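Me: Please take a close look at one part of this structure, the second largest pocket. What lines it?

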Amino acid sequence: MTAYQARPVYIADAAVLNAAGEQLLDLHGHAPEAKPLPFDQRHQAHPVKVPRLPGDLFDRKIQRSVEAQGLRLLHCAARLAPALRALELPSERVALTAAIPEVDAPSPCWDAVEAIQREPDRLLPQLFANTPPLHALTLLNSTVMAYVAEALQCNGPMGAYCSQANAGVDALIEAVMQIAENKADAALVVSSSPNLTPALYLRDGDPASGPVRGEGAAALLLTAAPAPGARQMTVRVAGLARGYVADETRAEAVAAQVLAKVLKAERLAPSDVDMLLIAEHDELLAGLLGQPEKRRQSSQGITGDLGASSMLTDIAYALGSPGGGEACRPRYVLAMNRSKGGHFAAVLLATAEMRAEV
Amino acid sequence: MNGARVVITGLGAVTGFGFTWQRMWSEMLRGSHCIRPWQPDEVSDGSFPVGFAAPVDMALLPPHLDEHPAWRLPLEKRSRYGWVAASQAVADSGLDAADLREAAVLSASGAPHHMLDDMRLALAEEPGAGADWAYLMRRADRVHAGGSLRQASDRLARVIAGHFGCEGPVVNISSACAGAAQAIGNAFQMIRRGEVELALAGGADSVLNLDTMGSLYLLGAATSEQRFGADLCRPFDRHRSGLVAGEGGGFVVLERLDRALARGATPYAEVVGYGSSLDGYKVTAPDPQGRGAALAMQAALDDAGLDPQQVDLINAHGTSTPLNDVAETLAIKTVFARDEHYRRLAVSANKSQFGHLIAAAGAPEVIVTALSCREDRITPTVNLHEPDGDCDLDYCANQAVHRSVEVALSNSFGFGGLNTSLALRKYRRSR
């Protein structure tokens with residue numbers, strides 16, 4: 001028996017922000033048109049406007065000093081504050097895990113770069129006169145966790161992950177296990193996509209190819225017990241698995257291992273899964289799962305590839321699935337993804353009645 | 001908490017002391033430090049206000065590492081150090097390549113290295129126009145291969161996994177100065193939970209560049225003290241004035257005990273607990289009461305099923321910053337209050353000897369802690385001559401200490417109040 005079977009972990013609430021909108025149902029709406037990137041017209045993408053943070057939770061200085069990707073993450077985290085508050089938990093029983101892309105170059109400190117360019121002989125005076133005092137914290141992606149912890153009063157276990165598209169599942173696994181092992185009673189799992197910057201494209205071998213990217217964020221609130229007053233989604237985390245392959249010839253074997261592992265806890269076969277969330281273009285996963293086309297879905301077509309936020313956005317997509325209310329909700333949902341870097345990750349969700357802790 | 005027993009069977013460290021853990025350990029026991037004058041590459045007149053650091057000295061590279069592929073691939077220098085450290089740990093463990101297929105790789109990385117020359121490529125000719133990314137993309141062939149525009153921060157973890165053919169989870173950690181400790185803690189959890197049987201865990205970092213050190217100076221974190229020459233990293237001393245950066249990397253091989261014994265490995269130490277917490281206080285300062293630090297240490301003890309009075313040594317975060325050292329001392333006093341056990345603890349701050357390796361800091365510090373458990377020797381906190389009145393524990397000032405170390409904690413606390421503590425125990429075949 002896995003730890004999360006002995007102490008079940010539920011998804012109590014979710015928040016998203018992406019090109020489709022800010023509601024879970026928006027993920028099932030019409031896909032907005034992708035736009036050419038201003039800095040490279042060869043690429044289409046789904047950018048989003050930088051959100052404004054609620055003034056009652058976050059200091060105004062944060063709005064100015066945090067990168068756009070961090071602001072998206074904070075925006076989603078803030079929307080889970082009421083549900084978290086309703087749990088009335090001691091702050092040290094609230095965990096926080098995060099899937100956070102690095103703060104990409106080019107450096108946001110343009111004033112300094114420009115001043116140095118203008119007067120290269122006055123390198124240090126220009127650097128120090130034109131770099132904001134909190135620049136070090138802006139460069140550090142985990143700074144946003146400190147803001148979330150302070151605003152939402154999370155003093156429990158933490159974990160910060162920056163493993164490309166796999167970071168979401170890394171953060172989710174750590175949060176689930178902290179609750180399952182009774183080190184926390186609730187966990188916020190927060191994530192953001194990287195900003196659409198040149199670095200995102202320059203790191204790819206062939207800058208003209210690759211998926212349509214997007215900007216967005218997603219956050220989940222996990223609990224060990226039903227929350228009074230909180231939206232009860234009655235969705236339980238039923239399986240988690242991950243793996244990696246650098247050698248493409250081993251990809252199918254590793255993907256098969258990950259799939260077998262995620263289904264093992266519930267003793268399922270792939271055909272038992274009612275909804276399958278995989279990227280549209282991933283033929284390897286589609287072939288492995290052997291599922292009818294109609295069961296294969298993904299939020300990626302409507303949001304673009306959200307990198308570190310893609311797994312949590314896919315989970316939110318499953319939670320927001322319309323049609324027929326609770327009774328018609330798929331019993332098992334499997335989300336599986338494969339990063340460009342070689343990671344495989346899988347999450348199995350099960351519809352469940354929330355039950356009180358024993 | 002029940003689960004598989006997890007032991008450390010391989011060590012690898014690259015620091016200012018050199019490229020092997022053996023050299024680092026022997027120098028530290030002698031009471032040496034490797035902090036020396038330093039300036040960024042772009043500054044030739046000595047005017048950069050942060051004048052000392054603990055850089056890696058390539059002159060110390062042993063001949064057998066000359067041909068390591070890390071020196072040939074386009075990588076950030078921190079990734080080179082990390083890859084070499086990971087290779088050393090694997091060699092030290094005696095594992096075969098075939099053993100590593102199922103291994104997990106967990107690596108911590110810090111903020112990207114934004115190169116000034118790359119940034120300049122984005123400046124259009126028209127003054128005051130700011131960054132022009134389209135202009136940058138047209139000049140993409142001039143972007144440096146080893147800078148942040150080309151190197152994702154999880155590159156090291158993937159390079160190591162690719163090099164050794166690892167197919168377990170490959171995880172890049174980004175929790176600031178707690179990063180490598182989180183990597184080791186998460187790897188320990190993975191093995192104990194049964195997700196994998198073997199993991200390579202640690203981290204690598206270098207902030208020794210103009211952009212990052214300039215930013216740390218402006219933040220008030222890095223010291224520009226001149227009075228003490230190279231002896232300016234003084235954890236718990238009343239004249240401490242800020243962190244002194246080091247660079248390098250460290251990795252450990254973590255392994256399920258039964259598996260290690262089956263292949264004839266001799267563990268250095270056992271990892272028995274991991275705890276983490278968040279200050280939730282202020283992004284720029286630790287909780288002055290050390291609440292988050294205390295929560296992390298208590299969580300590690302609870303996770304290990306240990307009583308505080310069983311602890312002999314704390315490998316402190318000990319940054320030499322005015323706020324951290326007092327807060328950490330208070331946290332230790334809180335956790336070890338019963339019977340004033342804190343008076344019997346040995347506390348040691350490794351950063352006084354190899355500087356602050358930022359995201360990688362926890363890795364060599366866990367290595368030193370493991371060696372203390374194995375050898376019953378504790379490395380000193382050097383440059384501690386006048387203890388701060390609020391820092392009144394036994395910090396093993398200036399001289400290594402011989403004493404029994406059955407159980408030790410290794411603390412790592414990150415910017416923004418991201419805290420970790422790892423509990424290690426002397427390896428014994430039966431508990």
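Reply: A word on terms first: two residues are in contact when they have heavy atoms within 4.5 Å. The model is predicted.

Start with the space itself. The second largest pocket holds about 600 Å³. Its lining is made of 21 residues. Nearest the centre lie A:Thr2, A:Ala3, A:Tyr4, B:Arg193 and B:Gly194. Both chains therefore appear in that central group.

Now the elements. In chain A, helix H1 (3–6), helix H9 (167–180), strand E9 (235–244) and helix H11 (251–264) each give at least two lining residues. In chain B, helix H6 (179–193) does so too. H1(A) supplies the largest share, three residues. Domains enter the picture as well. Domain 1 (3–223) and domain 2 (235–351) of chain A each contribute at least three residues to the lining. By class, the lining has nine nonpolar, seven charged and five polar residues.

Next, a residue from one of these elements. B:Met190 sits in helix H6 of chain B. Is B:Met190 buried or exposed? B:Met190 counts as buried because its relative accessibility is 2%, and the cut-off for buried is under 20%. Look at its contacts beyond four places in sequence. Across the chains, B:Met190 touches A:Arg242. Within chain B, its partners are B:Ala104, B:Leu106, B:Pro169, B:Val171, B:Glu195 and B:Val196. B:Val6 is 184 residues away from B:Met190 along the chain. Their C-alpha atoms are nevertheless separated by 9.9 Å.

Then move to chain A. A:Glu266 is in the loop between H11 and strand E10 (275–277). With 17% relative accessibility, A:Glu266 also falls under the 20% cut-off, so it counts as buried. Its side chain makes a polar contact of 2.7 Å with the side chain of A:Tyr332. Leaving out residues up to four places away in sequence, A:Glu266 touches A:Gln5, A:Arg236, A:Ala238, A:Tyr332 and A:Leu348.

Finally, the enclosed spaces. The structure has nine cavities of 30 Å³ or more. The largest cavity holds about 160 Å³. Its lining counts 19 residues, with A:Leu127, B:His114, B:Leu116, B:Leu210 and B:Asp211 nearest the centre. H7(B) gives the most to this lining, four residues. Helix H5 (110–118) of chain A and helix H3 (116–120) of chain B each add at least two. By class, the cavity lining has nine nonpolar, eight polar and two charged residues.

Terms used
Residues numbered from 1 in each chain as written. Chains lettered and ligands numbered in written order. Predicted model: local features only at pLDDT ≥ 70, side-chain atom pairs only at ≥ 80, totals over all residues. Heavy atoms only, no water. 1 Å grid on protein atoms, 1.4 Å probe; cavity = no way out; pocket = protein on both sides within 12 Å on 5 of 7 lines; lining within 4 Å. Points joined across faces, edges and corners; volume = space filled by probe spheres on them. Nonpolar A, V, L, I, M, F, W, Y, C, P; charged D, E, K, R; others polar. Domains from an automatic or database assignment. Buried < 20%, exposed > 50% of the residue type's maximum accessible area, 1.4 Å probe, protein only. Polar contact = N/O pair within 3.5 Å; in protein donor to acceptor, adjacent residues only side chain to side chain.
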